[in-house]
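The exercises below concern pockets, strand pairing and one loop residue. Each task is followed by a worked solution.

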Amino acid sequence: MSITNMEIKVVNRGHQPLPQYATSQSAGMDLRANLSEPIVLHPMERRLIPTGLYIALPEGFEAQVRPRSGLALKHGLTVLNAPGTIDADYRGEVGVVLINLSQDDFVINDGERIAQMVIARYEQATFKVVEELDETERGAGGYGHTGVK
């Protein structure tokens, strides 16, 4: 199975390199903070971190902004609206909403890898109103209905 390579138009108004994949099989590209000075993120504080990037995705695709696992595990930093969605028709700056869930201040430095961006295909749907839904083995069971095993 081969990986297709899609071209995405980008304007880089920042001073960081373009997002890139860390390995040949990475799903996400690292996004970097584009800052004029470091930002201190206090415990439970959230901030919109600029990247300096503006993208034009092909129709039928979105960019998902996701946390970086190392920042989450080591520092309690995560993307608040994970995954954040960048729609194909959005032309504003790509920003990352970070929150500090730790008990310590975290300093975000210029150029720091703060999130990852995954390009994904999507489908749009329409709802069809019906009187009832078909039966399934699961039915309405949810939120832990299968118990702990």
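**Exercise 1. A loop residue**

Task: Locate N34 among the strands, decide whether N34 is buried or exposed, and find which backbone nitrogen lies 2.9 Å from a polar atom of its side chain.

Solution. The model is a predicted one.
Step 1. N34 sits in the loop between β2 (29-32) and β3 (39-41).
Step 2. The relative accessible area of N34 is 14%. The cut-off for buried is under 20%, so N34 counts as buried.
Step 3. A polar atom of the N34 side chain lies 2.9 Å from the backbone nitrogen of H15. A polar contact requires an N or O pair within 3.5 Å.

**Exercise 2. The open sheet**

Task: Give the strand order of the four-stranded open sheet, name its edge strands, and state how many bridges join β6 to β8.

Solution.
Step 1. The order is β1-β4-β8-β6, with antiparallel pairing.
Step 2. β1 (9-12) and β6 (77-79) are the edge strands, since each pairs on one side only.
Step 3. On average, neighbouring strands of this sheet are turned by 40 degrees against each other, direction ignored.
Step 4. At the β6 edge, three bridges connect β6 with β8, and the two run antiparallel. T78 has I99 in β8 as its bridge partner.

**Exercise 3. The largest pocket**

Task: Describe the largest pocket by its volume, its lining residues and the make-up of that lining.

Solution.
Step 1. The largest pocket holds about 650 Å³ of space.
Step 2. Its lining consists of 23 residues, and N5, M6, Y21, M29 and I119 lie nearest the centre.
Step 3. The elements giving two or more residues to this lining are β4 (46-56) and β10 (113-121). β10 gives the most, with four residues.
Step 4. By class, the lining of the largest pocket has 15 nonpolar, six polar and two charged residues.

**Exercise 4. The second largest pocket**

Task: Repeat the description for the second largest pocket, and find which strand supplies the largest share of its lining.

Solution.
Step 1. The space in the second largest pocket is about 190 Å³.
Step 2. It is lined by 14 residues, with V65, N81, T85, I86 and G95 nearest its centre.
Step 3. At least two lining residues come from each of β7 (84-86) and β8 (93-100). The largest share, five residues, belongs to β8, the strand that also pairs with β6 in the open sheet.
Step 4. This lining divides into eight nonpolar, four polar and two charged residues.

Definitions and conventions: Residues are numbered from 1 along each chain as its sequence is written. This is a predicted model: local features need pLDDT of at least 70, side-chain atom pairs count only at pLDDT 80 or more; totals for chains, interfaces and linings use all residues. Side-chain values use heavy atoms; hydrogens and water are left out. On a 1 Å grid over the protein atoms alone, a cavity is a set of points where a 1.4 Å probe fits but cannot get out, and a pocket is an open set with protein on both sides within 12 Å along at least five of seven lines; lining residues have an atom within 4 Å of a point. Grid points are joined across faces, edges and corners, and a volume is the space filled by probe spheres set on the points. Ala, Val, Leu, Ile, Met, Phe, Trp, Tyr, Cys and Pro count as nonpolar, Asp, Glu, Lys and Arg as charged, and the others, Gly among them, as polar. Two strands pair if DSSP finds at least two bridges between them. Axes are lines fitted to C-alpha atoms, for helices over the stretch in contact, and angles run from 0 to 180 degrees between N-to-C directions. Buried means under 20% relative accessible area, exposed over 50%, partly exposed in between (1.4 Å probe, protein chains only). A polar contact is a pair of N or O atoms within 3.5 Å; within protein, one must be able to donate a hydrogen and the other to accept it, and residues adjacent in sequence count only if both atoms are side-chain atoms.
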